[in-house]
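Biologist: I should like a close look at a single part of this model, an aromatic pair and its setting. Please describe that part in detail and then place it within the rest of the chain.

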Amino acid sequence: MTTLDLKRTTTAQDLNRTAEPERRQPLEDFFSASDARNDRWRSLNVAAHDWAANGAGRLAAQKRVLELFTEIMPIEDYWAFPGPVLMRTLKDSIDAQDANVVARLTQKIGRALLSGSYRNDAAAWDPLAEQEASAGNALPPDAQGELDHKPYFEVLIVTPSEPSQWEKGRKAIQQLRRADDPFIYQIVQVGSFEDAALAVVLNVNLQAIVIYDGFSFMSRHSVPLVHEQLAQHATFDAAGMAAEGRGLGLSLANVIKKFRPELDIYLLTDRAVEDLAGSQEASAVRRVFYDVEEALEIHLSIMDGVNDRYTTPYFSNLKQYAQRPVGTFHALPIARGKSVFKSNWIRDMGQFYGTNIFLAESSATSGGLDSLLEPTNNIKVAQEMTARAFGAKRCYFSTNGTSTSNKIVVQGLCAPGDIVIVDRNCHKSHHYGFVLSGAQPYYVEAYPLTKYSMYGAVPLRTLKKTLLDLRAEGKLDRVKLVDLTNCTFDGHMYNPQRLMEECLAIKPNLAFIWDEAWFAFARFSPLHRRRTGMGAAGVLWAKYHDPAYRQVYEAHKAELAKVNPKDPKAADKLLDMHLLPDPEKVRIRVYQTNSTHKSMSAFRQGSMMLVWDEDFHQVEGTFQEAFLAHTSTSPNLQLIASLDVARRQMELEGYELTMRMTGVAIDLRDRINKHPLISKYFRVATPEDMIPAEFRKSGIKDYGPPHSTWRDMVKAWDEDEIALDPTRLTLLCGDAGFDGTQFKGMLAERFDIQINKTSRNSILVQININNTRADAAHLIKALSSLSREIDERLGGGGKEDKEAFAARVRSLTVDVPDLPNFSEFHAAFRDSAKSKTNEGHMRAAFFRAYDEKACEYVKLNDKAIDDRLKNGPPLISANFVIPYPPGFPIMVPGQVIKADTITFMRKLDVKEIHGYQAARGLKLLKPDALGAAKVNPER
Ligand SMILES: Cc1ncc(COP(=O)(O)O)c(C=O)c1O
């Protein structure tokens, strides 16, 4: 038996050591299995060439070839390429000590893996064939002329048959290929539950699994890592089932479905297929076949399954539309490109964008183009497919960014007077949504990270307390929504399952909006998914519908009964308990908005709203109204098409892309923080830096050795209240003497590196599905150049320079302004000034400011501000003041402005502050002109 260790630099001696092998395993190898694999083949290739070169190091190189090959061999069982023929030939050449053949074969295999040429080139699989040099997928398709390109994937076959029979089976399936198949696939065969699970984790090419029941549980290899994980998650007695002759097929299907829900699973069994097919446990399986079923039927089902995800109803139709000779008489001269291509003056526009974009422009909704405002055809189907991909019940496309999606959801669910519990740091679109709908925001605070001038997430305890306070004041029936950003700009991920569960225990029909603007990709990562709103909705629904939950709830009720409502500490006791909702009353009502364009391959402004609401029928009408209120009657067709295609991509390669980006991010964090030169001036903030210990019960400090294994990371993400998304890197630059804005500018101008958000002493580096290790290397190079320059400057400068540098660093890292909390709404905008709860009539305040006579302006540095802060009358904000980035309001209409907000604003170092004109000063509502506002318009 060989030990399967995914470590890049494992030696042959390590292979037989089973004591905690994964402790030493670089974390990113787990995420970037294909990158790690390519690396190993590259090392093998180098060693093989050293061996063939016949130089002084020949013997050492030969030994190294042996070691590397022994390491590589078991892992290759889980991929179709290079496959048994090439691997056997390579092994035979190594055994025959034919260094030249070994060098040629390792080079051939390594190149094919790197370029992906094995997907379409039969010569790559043939040990004797010479392969043409291939550009792989590096060039855009129009440069490659890929007209006859067929997408490639792999199918995993889990079989009880002897490995000696596998070759025959593979050949039989290859014979089923037909010229008109839309895709090409190759086969990977394994013989056990553990091997199947491992293949599903490692092999990103898999799209379908065919399970022949009757296979064994244990792997041919020793895989302690998988063994342990499966033991944790699989709630069945594998050995017992095997002994009783019951198949493990369905259990395997369910384990796979949890990890990669997008995969199609087919089960072949000799059990009563008709009974099985209708059972709940078979819901993970796409189709159940009787054991001796036609092989062709299985082949066609595989094609059909992949095609279900590949199909892009809107995009495909738009492509067809573009080919038709349409004459247009509607209001869109640019359609068909005639106004462009014939122009004397704007022809370069046509050259730049190419013809298709003009051919695919139309203002019609006929010709199968469907209408976003009332979809009945392919937009409807595209939305349904997207809902499926995200595990939602419904999906609405939106073509004006999540800025619009948020307003639609808020306005769709809330009427004037309703209360929304909302993170004050939510994006401005939520706050405008409250103005539009008349909902009263109840602002709750995220924990501040003052050191880095940013906020974290809202503690669950704060949310529970808010709900309990509202309950105590008899206002719970007015609370419609909890509205939170997940993950935050800076990567704080909530635990939506736990959070919704405890809130639902207080108000069982509460709805939630998860603004996952940055987090669309998360659905497709088996690790991030657990932290998404939609992921949590499905899990909670299943949990509350499980009969076992009723017993758990009964026990919980008994515990609750012990809390005496008259006890002054009763509220604290409830805050300390893990509250559970009543299964008789609980309703799952979850909404998610995402800026698809921010993390998937959609054009700018492509966004979507996902709905998992058991009571949607009650709000469908108002939701539809809000949708119509905000949706353009001329939505951009290319945007809608890109949403359709972005979904296709993630359903087919989202697993690979999200795992790789996570790997790249974790590696980059590690390299920056461990780099001897860079880490003198720059550092990526760790989970320990970004999440206070009380929300990080697992104690996890950082990702990767020596701090944690991937198992620690999964555990922390399962259990902790807040976790940090590793793909969002807060790169601290204060120790280099740069503020965020300055550093951002420097990276852009000198190194062509663009980043998104800055804070006083940091920038945010985002790793997305498009980022590669080369991008990471580019950033590392820039950081090392800058670090070297600082080193040289400080080394060459005198005492004064050093002191000036130290003072600058101090001002950026120590003398940081406190972050202001939301203060309160002025009494004129509250139902009762005595109320403990802080919701306010923000809309009344907003429209009060339309009366210029009711407003005044005071310059930010005017002494009058300080005087009024001390002696009154209060300063009442007339509008939103929103520094951008990050884009959340530090003042809202009707808010009483306190000293901390003024101090913060005076120290603010971003250029764009929406709602504030320095030349005029702060726009305030005159306290003596609020008379009319006091007559609360809504109530
Ligand atoms: C949390 C959050 N929500 C919503 C938005 C708005 O999204 P969009 O740019 O798609 O309109 C942003 C934009 O940055 C955001 O950060």
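Modeller: Phe682 and Phe743 are both buried in this predicted model. Their ring centres lie 5.2 Å apart and their planes meet at 25°, so the pair is stacked, given that planes under 30 degrees apart count as such. The two residues come from distant parts of the chain, being 61 residues apart. Phe682 sits in the loop between α28 and β16 (683-684), whereas Phe743 belongs to helix α31 (residues 740-751). The structure holds 38 aromatic pairs, this one included. An aromatic cluster is formed elsewhere by Tyr396, Tyr591, Phe616, Phe623 and Phe627.

Helix α28, one of the two elements that flank the loop of Phe682, spans residues 637-674 and packs against helix α18 (residues 378-390). The axes of α18 and α28 are 10 Å apart and make an angle of about 35°; the crossing is left-handed. On the side of α18, the contact is made by Ile379, Ala382, Met385, Thr386, Arg388 and Ala389. On the side of α28, the residues are Ile640, Asp644, Arg647 and Glu651. Taken together, the residues of this contact comprise five nonpolar, one polar and four charged.

Between the two ends of the stacked pair in sequence, Pro705 and Pro706 are joined by a cis peptide bond, with omega at about 5°. Pro706 lies in the loop between α29 (687-690) and α30 (710-719). A cis bond is also found from Gly872 to Pro873, where omega is near -5°. The loop that holds Pro873 runs between α35 (863-871) and β22 (875-877). In general, most peptide bonds are trans, and most residues other than glycine have a negative phi.

Two residues may be considered for their phi angles. Arg336, which is not a glycine, has a positive phi of about 70°. Arg336 is placed in the loop between α14 (313-323) and α15 (338-341). Its relative accessible area is 10%, so Arg336 is buried, the limit being under 20%. Ser453, likewise not a glycine, has a positive phi of about 55° and is found in the loop between β9 (448-449) and β10 (454-455). Because its relative accessible area is 17%, Ser453 also counts as buried.

A further buried loop residue is Ser595, which follows β14 (589-594) and precedes α26 (596-599). Ser595 counts as buried because its relative accessibility is 2%. Beyond its neighbours within four places in sequence, Ser595 is in contact with Thr402, Glu516, Ala517, Gly606 and Ser607. Strand β14 spans residues 589-594, and Tyr591 is a member of the aromatic cluster described above.

These details belong to a protein of 939 residues, of which 56% count as buried. Its secondary structure comes to 37 helices and 26 strands. Of the contacts between residues at least 6 apart in sequence, 73% join residues at least 24 apart. The pair of Phe682 and Phe743, 61 residues apart, links distant parts of the chain in this way. The accessible surface comes to about 40300 Å², and 52% of that area belongs to carbon and sulfur atoms.

Methods. Residues are numbered from 1 along each chain as its sequence is written. This is a predicted model: local features need pLDDT of at least 70, side-chain atom pairs count only at pLDDT 80 or more; totals for chains, interfaces and linings use all residues. Side-chain values use heavy atoms; hydrogens and water are left out. Helices (H or I, at least four residues) and strands (E, at least two) are DSSP runs, numbered from the N terminus. Buried means under 20% relative accessible area, exposed over 50%, partly exposed in between (1.4 Å probe, protein chains only). Contact means heavy atoms within 4.5 Å. Accessible areas come from the Shrake-Rupley method with a 1.4 Å probe; for residues, only the protein chains shown count as cover. Axes are lines fitted to C-alpha atoms, for helices over the stretch in contact, and angles run from 0 to 180 degrees between N-to-C directions. A crossing is left-handed if the near helix is turned anticlockwise from the far one by less than a right angle, and right-handed if clockwise. Ala, Val, Leu, Ile, Met, Phe, Trp, Tyr, Cys and Pro count as nonpolar, Asp, Glu, Lys and Arg as charged, and the others, Gly among them, as polar. Rings of Phe, Tyr and Trp (its six-membered ring) pair if their centres lie within 6.5 Å; planes under 30 degrees apart count as stacked, over 60 as edge-to-face and the rest as tilted.
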